[in-house]
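Please look over the structure shown here. This briefing covers its fold, its charged pairs and its strand pairing.

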Amino acid sequence: MNKVFNVLILIALLVFSNASFAQQKTKKELKEAKKFEQQKKVETLVAGEKFIFEANRAFPMGFRSIDLTTNPNSISFTPDLIKSDMPFFGRATGSIPYGGGEGGLKFEGTPEEFSITKEKKNYLLKAKVKDKNDSYTIQLTIFFDGGASLVINSNNRASISYNGSISKLKE
């Protein structure tokens, strides 16, 4: 009787330990599946060449980083039009009026250059846009998880970078 009881306990322990091991493996598989699904979403957005970048942090040259979570901002990308409504913090020179003109990097235009290349760990978008007051060189690094890093160089302002994410462009 005692041997039978010990054998039953041993079997129960083996079954439960295998079940918990299988569950851990499933959690890992679920995490990988979610990561793969997010990569596919980003790949679809990038392949469609129509998306919007929204920043949560700005990094002006020579200044501390600035939280933008409560500051509405965006820059939309299509091969035919780039429209920016990004805040600007830093030095302006040249033909920019005191106070930065319209306030921020507000411009829109048809890109003179527009390219997206897939790299080992991200996508890289490069574009050049001119408006009536300035010329902008834009570089957007898009990570496979949807996170992104934006750098805008201008003829009349100091370079500024932003961290944020991309999402589908609302038409």
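The points below are grouped by topic.

The model is predicted. The protein holds one helix and ten strands. Of its 171 residues, 33% are buried.

**Overall fold**
- The helix comes at the N-terminal end, and the ten strands follow, in the order α-β-β-β-β-β-β-β-β-β-β.
- Among contacts with a separation of 6 or more, 50% join residues 24 or more positions apart.
- The accessible surface is about 11500 Å². Carbon and sulfur atoms account for 55% of that area.

**Strand pairing**
- Strand S1 (residues 51-60) and strand S10 (residues 160-168) run antiparallel. Nine bridges join S1 to S10.
- In the pairing with S10, Glu 54 stands opposite Ser 165.
- Strand S9 (residues 147-154) also runs antiparallel to S10, with six bridges between them.
- Val 151 faces S10 as well, standing opposite Ser 161.
- S9 and S10 make a hairpin. Five residues lie between the two strands.

**Salt bridges**
- How many salt bridges does the protein have? The count is five. Three of them are described here, including their strands and exposure.

*Asp 67 and Arg 57*
- Asp 67 and Arg 57 form a salt bridge, with the closest N and O atoms 3.9 Å apart.
- Asp 67 sits in strand S2 (residues 66-67) and Arg 57 in S1, so the pair ties together parts ten residues apart in sequence.
- Asp 67 is partly exposed, at 44% relative accessibility. Arg 57 is also partly exposed, at 31%.

*Lys 106 and Asp 85*
- A salt bridge links the side chains of Lys 106 and Asp 85, at 2.9 Å from N to O.
- Lys 106 belongs to strand S5 (residues 105-109) and Asp 85 to strand S4 (residues 82-86), so this pair ties together parts 21 residues apart in sequence.
- Lys 106 is partly exposed, at 34% relative accessibility. Asp 85 is partly exposed too, with a relative accessible area of 37%.

*Glu 113 and Lys 128*
- The side chains of Glu 113 and Lys 128 form a salt bridge, at 3.8 Å from N to O.
- Glu 113 is in strand S6 (residues 113-118) and Lys 128 in strand S7 (residues 122-130), so the pair ties together parts 15 residues apart in sequence.
- Glu 113 counts as partly exposed, at 44% relative accessibility. Lys 128 counts as partly exposed, at 34%.

**A buried acid without a salt bridge**
- Where is Asp 134 placed? Asp 134 is in the loop between S7 and strand S8 (135-143).
- Asp 134 is buried, yet has no salt bridge.
- Which side chain of opposite charge is nearest to Asp 134? Arg 157 is the nearest, 4.5 Å away. A salt bridge needs the nitrogen within 4 Å of the carboxyl oxygen, so Arg 157 at 4.5 Å does not form one with Asp 134.
- The side chain of Asp 134 does make a polar contact, with the side chain of Ser 154, at 2.3 Å. Ser 154 falls within the residue range of S9 (residues 147-154).

Key: Residues are numbered from 1 along each chain as its sequence is written. This is a predicted model: local features need pLDDT of at least 70, side-chain atom pairs count only at pLDDT 80 or more; totals for chains, interfaces and linings use all residues. Side-chain values use heavy atoms; hydrogens and water are left out. Helices (H or I, at least four residues) and strands (E, at least two) are DSSP runs, numbered from the N terminus. Buried means under 20% relative accessible area, exposed over 50%, partly exposed in between (1.4 Å probe, protein chains only). Contact means heavy atoms within 4.5 Å. Accessible areas come from the Shrake-Rupley method with a 1.4 Å probe; for residues, only the protein chains shown count as cover. Lys and Arg count as positive and Asp and Glu as negative; His and the chain ends are not counted. A polar contact is a pair of N or O atoms within 3.5 Å; within protein, one must be able to donate a hydrogen and the other to accept it, and residues adjacent in sequence count only if both atoms are side-chain atoms. Two strands pair if DSSP finds at least two bridges between them.
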